[in-house]
Amino acid sequence: MSILFSGRASGAKANKINFIRRFVMFFVNHLRQALFSLGELWRTPGSSLMTMAVLGLSLTLPTTLHLLVKNVQQVSGGFAKAAEISLFIRDSATSQQVQGLKTILEGDPQIAAVRHISKDAAMQEFQQASGFGAALNYLTENPLPDVLVVLPLHTEPAAARALQQQLEKERIVEFAKLDLEWLQRLDAVVLLLQQAVVAIGLLLLSAVLLIVSNTIRLSIISKREEIEVMKLVGATDAFIQRPFLYTGFWFGVFGGLLAFLVTEVLLWWLRGAIAGISDLYQSDFRLQAMSLQEFGGLILLAVLLGVIGSYLSVRRHLRAIEPS
Amino acid sequence: MLQFDHVSKSYPGGFVALERINFRIAKGEMVFLTGHSGAGKSTILKLISMIERPSTGRVMINNIDLSRLKRSQVPYVRRDVGIIYQNHRLLMNHTVFDNVALPLVIEGFTGKEMVKRVHAALDKVGLLDKQRCLPQTLSGGEQQRVGIARAVVNKPPLLLADEPTGNLDPELSRDIMRVFEAFNQVGVSVLVATHDLGLIARMRYRTLTLKQGRMINDGLMPVQEPL
């Protein structure tokens with residue numbers, strides 16, 4: 001395109017290079033520029049590695065926290081059964097009455113399952129688990145009641161509480177106990193954690209933006225003369241800024257990969273300790289690693305940060321450099 | 001094709017670099033611009049390449065007023081004007097080939113077409129065998145010729161040169177002037193700013209003479225007249 005000389009053949013377009021070839025060359029050119037920027041990073045390993053390390057380590061913290069929240073959610077999801085309602089049966093009730101109530105409840109559409117724990121079974125379990133063992137043999141009679149454990153179909157707090165109140169009206173039921181509060185507390189803690197992750201994440205991400213943009217700024221200043229020459233021979237701002245944007249892109253790619261590696265090492269480190277704890281709690285809990293999607297998201301986020309940070313800097317500083 | 005219309009340029013602080021300059025250069029004309037240092041030669045070149053804008057008056061190329069162009073259009077103007085700088089302005093950490101290829105890369109040339117043009121430009125200035133060298137390893141005259149090759153590689157219709165023979169011996173100066181004449185003969189308009197009066201006298205082209213920002217002579221320089 002020539003503004004001044006309308007008839008002047010100029011540029012690849014005017015020189016009749018066909019469309020498909022130009023289309024292919026567009027991508028080839030970008031690839032070439034990307035590789036060129038990669039080469040530039042390779043030639044200045046010190047500062048490049050520093051920036052990538054800062055980016056990577058800054059991303060590691062939000063990533064690890066995210067995985068932590070994910071795992072806690074997985075654990076608390078396993079607590080759905082905690083909304084069980086325990087019906088303590090009056091001493092006066094006969095075992096026939098208890099069986100009758102169990103049958104009625106099993107037919108109730110609001111109820112998923114009913115389990116009967118008899119006095120004797122409860123006593124045995126207590127003897128084994130409590131550690132009182134033989135001492136309990138001195139009791140003249142079994143003080144424990146029969147218990148019907150009801151699992152509601154709807155385990156949300158409100159529905160479960162309504163069911164509890166309804167069941168408490170049964171004649172042979174002494175009282176019904178619903179242990180919901182600790183579950184609600186756990187949910188609240190998880191929510192708090194999640195929001196903390198978001199807040200810390202946002203802070204760290206803005207720090208990353210500033211760091212990338214400062215690195216690019218230094219790189220622009222060190223290439224001041226080169227940029228002036230390019231402007232003198234007719235380079236547009238878009239042409240000049242492209243290598244810097246690719247530099248930001250590579251910062252993102254390598255920073256993201258570093259964050260992934262560090263997180264994996266952290267998880268591996270924690271895995272042993274967590275196995276120990278979950279053994280103690282007789283749980284088969286296993287730490288969940290990063291999924292492929294999450295890995296992709298992490299890299300994408302890192303690349304975005306790199307490119308945006310670089311763009312912020314380029315937009316401000318390239319304009320300021322004019323040949324004199 | 002190039003026209004200065006009552007152009008003045010003053011800098012902040014009151015220094016007047018140019019005062020009401022008028023001249024025209026026709027298509028295919030070769031013109032010298034001379035005067036003492038500080039007379040305004042460089043300012044005229046900077047106005048044409050849009051490094052500076054005039055305070056008043058109009059600089060026109062092909063009847064297009066440069067001051068009406070937007071900032072984003074400046075690069076395209078510079079692609080139409082090949083400029084040779086006194087201090088060469090080469091990329092010192094790139095090879096001669098890369099330096100000459102730069103304007104073509106900017107315009108989107110690739111592959112064989114680009115290599116062909118770069119070789120043609122380097123051949124014209126006699127540096128084809130030095131294309132893999134870094135500019136630092138070349139002499140001043142050779143660096144100047146790399147600058148010329150870069151200025152002409154995309155065949156601009158207008159060529160500006162700022163003291164192209166500034167620190168060269170007479171032999172080399174003559175060679176470089178012959179290169180300019182060769183471009184002029186294929187229809188390129190050439191404007192050479194120089195204070196080498198001997199050179200101007202030998203070449204006998206139209207000469208614009210500046211003195212303290214004013215044009216004091218436009219035409220053939222009388223050989224004997226002391227400036």
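**Entry 1. The contact between the chains**

I began with the contact between the two chains, to which chain B contributes 26 residues and chain A contributes 23 residues. I then looked up which elements supply the side of chain B that touches chain A; those giving two or more residues are helix 2 (74–80) and helix 3 (96–107) of chain B. Helix 2 of chain B gives the most to this side, with six residues. I also sorted the residues on the chain B side by character and recorded 14 nonpolar, five polar and seven charged.

**Entry 2. Confidence**

I note that this is a predicted model. For the complex, the predictor reports an ipTM of 0.89 and a pTM of 0.75. For chain B, I found an average pLDDT of 87, with 97% of the residues scoring at least 70. I keep in mind that predicted coordinates should not be read in detail where pLDDT is low.

**Entry 3. Annotated spans of chain A**

I consulted the UniProt record next. Its unreviewed entry applies the annotation "transmembrane region" to residues 188–212, 249–270 and 295–314 of chain A. I checked two of these spans against the model. Residues 188–212 of chain A are 100% helix and 0% strand, and their end C-alpha atoms lie 36 Å apart. Residues 249–270 of chain A are likewise 100% helix and 0% strand, with 31 Å between the end C-alpha atoms.

The unreviewed UniProt entry also places "domain: FtsX extracellular" at residues 84–173 of chain A. In the model I found this span to be 40% helix and 21% strand. The end C-alpha atoms of residues 84–173 lie 16 Å apart.

**Entry 4. Domains of chain A**

I looked up how the domain assignment divides chain A. Domain 1 is made of two segments, 33–78 and 185–320, while domain 2 covers 85–178. I recorded 54 Å between the C-alpha centres of domain 1 and domain 2 of chain A.

**Entry 5. Helix 5 of chain A**

I turned last to helix 5 of chain A, which has 12 residues, 119–130. From the first C-alpha to the last, helix 5 reaches 16 Å, close to the 16 Å expected at 1.5 Å a residue.

Is helix 5 of chain A buried, or does it lie largely in the open? I find that helix 5 lies largely in the open, because the number of buried residues among its 12 is zero. Just after helix 5 of chain A, I noted that Gly131(A) takes a positive phi of about 90°.

Note on methods:
Residues numbered from 1 in each chain as written. Chains lettered and ligands numbered in written order. Predicted model: local features only at pLDDT ≥ 70, side-chain atom pairs only at ≥ 80, totals over all residues. UniProt positions renumbered as here; feature names shortened; annotations may be inferred. Helix = DSSP H or I, 4+ residues; strand = E, 2+ residues; numbered from the N terminus. Domains from an automatic or database assignment. Contact = placed C-beta atoms within 7 Å. Nonpolar A, V, L, I, M, F, W, Y, C, P; charged D, E, K, R; others polar. Expected span 1.5 Å × (residues − 1). Buried ≥ 20, exposed ≤ 12 C-beta atoms within 10 Å, placed from the backbone. pLDDT = per-residue confidence, 0-100.
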